[in-house]
Amino acid sequence: MQQFLNVTLGGLSQGAIYAAFALALVLIWRATRIINFAQGSMAMFSTYIALVLIESGQSYWAGFAAALLAGLVLGALIERVVIRPVEGGPELNAVIVTLGLFVAIQALAAILFGASFESFPAPFGLSGFSVGEFTVAFTPFSAFVIGSVVVVMLALVALFRFTDIGLRMRASAFNQEVARLLGVRVGNMLTLGWAFAAVVGSLAGLLIAGGNLVHPAYMDPVIVYGFVAAVLGGLESPAGAVVGGLLIGLALSYVSGYLGSELVTLAALGILVAVLLVRPHGLFSRTTARRV
Amino acid sequence: MSAPTAAARRFLPSSVFGRNLLTVLVALVAVVLVLELTSPFRNSQLATMSYYAIAAVGLTVLTGLNGQISLGHGALMAVGAYTTGLLLENEAMPFPVAMLAAMVVTAVAGIVVGAAAARLHGPYLAGATLALAVGVPGIAIYFDGLLGGEQGLRISSPTPPDWFADAMYFLTAGEMTSARYLAYIGWGTLLLVVLLLANLIAGRYGRIWRAVRDDEIAAELAGVRLGRMRVLAFVVSAACAGLAGAVLAMVVRLAAPSGFTIVLSLALLTAVVVGGLGSLGGALLGSALLVFLPPAVTDIGTDLGMSGVQAAQLAPFVYGVVLVVVMLAAPGGVMGIVRRLRHAGRRARGRGGPSRPAAGKQGVGATDQGGRG
Amino acid sequence: MSKRVRRRGAGIVAVATAVAVIASACGAGGRPDENEGGAAEVGVTEDSVKVGAHFPLTGVAAPGYSAIPTGAKAYFDYVNANGGVHGRTIDYVFRDDAYNPTNTSQVVNELVLQDEIFAMVGGLGTPTHSAVLDFLNSNGVPDLFVSSGSLLWDQPEKNPMTFGWQPDYEVEGKIIGQYVKQNFPDAKVGLFLQDDDFGDDGEKGARAYIDDQIVAAERYAPGNTDVAPQIAALQASGADLVIGFNVPSYTALSQLTAMRSNYEPQWIYSNVGSDPALVGSLLGRFSEGKVTDASMLDGAITTEYLPGVDEADNPWTQLWQRIWDEHGGEGDLSNYRIYGMSQAYTFVQALQAAGPEPTREGIVDALEQVGQDLQGPALVPYRYSPDSHAGLSGVKVVQITGTTTKELSPVMVTDNGDAEITEYTEEHAPPPENGIPNVEPVG
């Protein structure tokens, strides 16, 4: 029973992180019809920036803010410089460009920050809550993880629903030509979309790193899990991405806890294949046939 | 492709095979010379290049000609490598049989993956094959009794038989070291694969694959069964990956999950993109870069005063940057640039070469040159 | 265009054939006899001997282990500065394999074929080194003092060139097992094992004594940093004493994960994964103020077979400190650097024993003949003989207190299989005055 509870709670907090990551993928997909395979590397890079600041004596929160800011700048910069030329072109070209970024950023981080394992601090306690003699593997930090993902979700909803910029971003994503005719500066909106997505991605990177060991490749599995979560949610819908993330987090945690940790990546593959073959538009998609 | 060539092709189909065979034979002589004249260390580098190249020519057919991207070829190579490892245990059978078996097993795996992949496009396919590359090594860890877990399967590489060593000695006065012998196996396999692929893509299937890549609907209207053609391309490509895995297993003497990470799959993609998607020659060139570029780049890094670890990471950094730059500046890769220069040169000489072929719809704007390995 | 191709092709064929004919003309005829006499041994010149090693300088196993070659290098530099061995300096090359067996295979290819090393000294890791075992032996390269306690290195029949060095994991597991049997007879024991020979050998040794006490054996795959499922399973099994055969990063990870679920068994870590200074530095930065330096490992039990940095009065530690101050690079002396220096010391002994004209066969013979009598930094003797290539024969059990250790048992020695565990009573000899061994050439 205790094990089941621990596995479930662990799955939920991992799932929250995958949800954030999937959300970042979905934001970019909606804006530019590109899957950003460099998302993990970008998040890793901004996490290292936080680590450098924290090690130089700054507080955790200064590092945290710096990493989110770095994500914002990195996302905008990458969209402007290398993604813009392949937007709307053959889909393969965009895929290869983001894969190139994935490799290059990871290697750059290893050159700048070293390739060894380093510990990354957490702002909250890492020992589980106890109820009587019953201890659950749910720590104050896990609560922070779930809380910050919820906050980001709400912020995004507010952005898209209630702000002018959000409306323009939605318009650009929906139909670039029409948006342009209506006077929306589509290029800027796409840049903004990438920038916001990179901030959410960086948040996921920071949350995974907290109270754990980081190294330049620590986000690699998350790219796969985040992608599976996003596809599960239908790639189009932010809410779908969040539900997909939580489901993947739980499923993988059960596999890891009861079947063996070496099967986790295989399970992710299995879920992905099943979803793509049975419900290619995700569990929640209402849109009709669009080729995948 | 000038008009007389096309005409010659139409009327003398066998000459394509003849020309390819000739090219491959010339290459064979060159390979023997190079392997005999270089040090054991260069031999082992060339052996490494051979398995990259076998996988890369297969991948370039899939991605460049058929427009399907695969980030899972590292996993397919793992299938080939583990099959070889299991079959060579206790020297149960001669290595060519094991290689053939590895090819067949991987091709069967290719049918399964290809059938799923045929329904997917661009980023979905990339993501799904990425998951494949990350997931498959887990199988080896789960069945650690059979497949050796994290430590992997140690593989007893074939040793040169006396007749072969004697024959080569008679011919070239070179001692047959084990590194050299493995390089011969790798390059022999590579040349055979290139010959077969060159003929395949110059022929009917090559044309159909290109048609599917450039315009699915037109191809479908012309009576092409899209799904079946896509799966076929995947199977051919997987068979190459299986052979490449078999050669890798024998050269590295080990099949372990750590050898088949996502890094391997991305390296292969780099090779075919940099060389020029769809071009066999480009794939060979790209594979050479994979082997010979890292030491050169690492040396430059060390000269610049970087630590060993930093210098070691410089090579992947260069790969990544090159991938991006090639896609932005010259999507046709090195072979694309070469062709463009040739066309430009010809135009300058006033012979009026044909205009540059248009970029494919889903492809990378790479052109391809049929049988020219 | 096709015509041009054909013409060019024909040209290449002509040239190639010509070259091939000339080349074969040179080679035609029988092959000359192997020239035996006079040829210098690979990697040995008038004034130098080149040796190599592979280490994880990056990746999951790098913390700690990447310091070992810096220690070895410092000791070799010290010996070189003092005249070398038989007038030859030792040229030490080490390369990064990131603890990835496939890399190891390529890196060792480079060391043997490109760098042309005389011998391999201290190549690190069970999964990594086992990938190159056949290659080194079939190429006749002495493969000395593998930095791993696997039993694989002790197969003199099959792998005549390979020698172990540190106490193997079975021996260590047996001594830990007996200690638990005697001191925690009622404990429910859980095992936390690296999923390869490292974990398997350790488990075998421990089970020889406490099979009936073991309630769970959980394995982790090196590289996967999520050990929560394993720790949860150990906790669920009710184990109140956990023995870990794992590398240092996983000591940190297991502590961290256990803390999350308030799991507090008595921890016993094998020598390999227990360096308090290193684990402390990995854990120290977590959660500002929540985890302080090495205190997390306080009270954990481990084993020792070399005097460590904390024994500042030990003459060996004083020697290492002196050498590190003179020849070391950045950073302080650590137990990992002492490990590297001790291995280098053993290699110098072997090279001295191999005589003024060392050969690959010669150094192996010399070790088999005098290996058992070599005195060095280790508390216990080696087991080298023509029938055994096993390294050190035992350990003592200690408890970690802060950054130092407290002795819990005397030095114990044993051998693999059913061999009894006995107490080793001989006094540990101090190092020679000048810090360089003086072994007579064999034969």
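Chain C's secondary structure adds up to 14 helices and 13 strands, where helices (H or I, at least four residues) and strands (E, at least two) are DSSP runs numbered from the N terminus. Chain B has 17 helices and two strands. This is a predicted model, so local features need pLDDT of at least 70 and side-chain atom pairs count only at pLDDT 80 or more, while totals for chains, interfaces and linings use all residues. Residues are numbered from 1 along each chain as its sequence is written, and chains are lettered from A and ligands numbered from 1 in the order in which they are written.

**Chains B and C**

- In chain C, 58% of the 443 residues count as buried, meaning that 20 or more other C-beta atoms, placed from the backbone, lie within 10 Å of a residue's own.
- For chain B, with its 373 residues, the buried share is 58%.
- Take the contacts in chain C with a separation of 6 or more: 70% of them are between residues 24 or more positions apart. Two residues are in contact here if their C-beta atoms, placed from the backbone, lie within 7 Å.
- In chain B, 78% of the contacts between residues at least 6 apart in sequence join residues at least 24 apart.

**The largest nonpolar core**

- This core holds 377 residues, and A:Ala20 and A:Val228 are the ones touching the most other members. A nonpolar core is a set of buried Ala, Val, Leu, Ile, Met, Phe, Trp, Tyr and Cys residues joined through C-beta atoms within 7 Å.
- Helix H13 (residues 226–252) of chain B is the top contributor to the core, giving 18 residues.
- Chain C takes part too: domain 1 (48–167 + 308–378) and domain 2 (170–302) each put in at least three residues, with bounds from an automatic or database domain assignment.
- Setting aside neighbours within four places in sequence, A:Ala20 has contacts that include A:Val149, A:Val152 and A:Leu207.

**Where the chains meet**

- Chain A brings 42 residues to its contact with chain B, which brings 44.
- On chain A's side of that contact, H4(A) gives the most, with 15 residues.
- That same side of chain A splits into 33 nonpolar, five polar and four charged residues. Ala, Val, Leu, Ile, Met, Phe, Trp, Tyr, Cys and Pro count as nonpolar, Asp, Glu, Lys and Arg as charged, and the others, Gly among them, as polar.
- Between chains C and A, 27 residues of chain C touch 26 residues of chain A.
- H10(C) supplies the largest share of chain C's side there, five residues.
- By class, chain C's side has 14 nonpolar, eight polar and five charged residues.

**Two helix pairs**

- In chain A, the axes of helix H1 (residues 2–32) and helix H10 (residues 238–259) come within 6 Å and cross at roughly 145°. Axes are lines fitted to C-alpha atoms, for helices over the stretch in contact, and angles run from 0 to 180 degrees between N-to-C directions.
- The contact of H1(A) with H10(A) has 16 nonpolar, 11 polar and no charged residues.
- In chain B, helix H4 (residues 73–88) packs with helix H5 (residues 95–117) at about 145°, and their axes are 8 Å apart.
- Among the residues that meet there are B:Leu76 and B:Val79 in H4(B), and B:Phe95 and B:Ala98 in H5(B).
- The contact of H4(B) with H5(B) has 12 nonpolar, five polar and no charged residues.

Terms used. A residue is buried if 20 or more other C-beta atoms lie within 10 Å of its own, exposed if 12 or fewer, and partly exposed in between; C-beta atoms are placed from the backbone.
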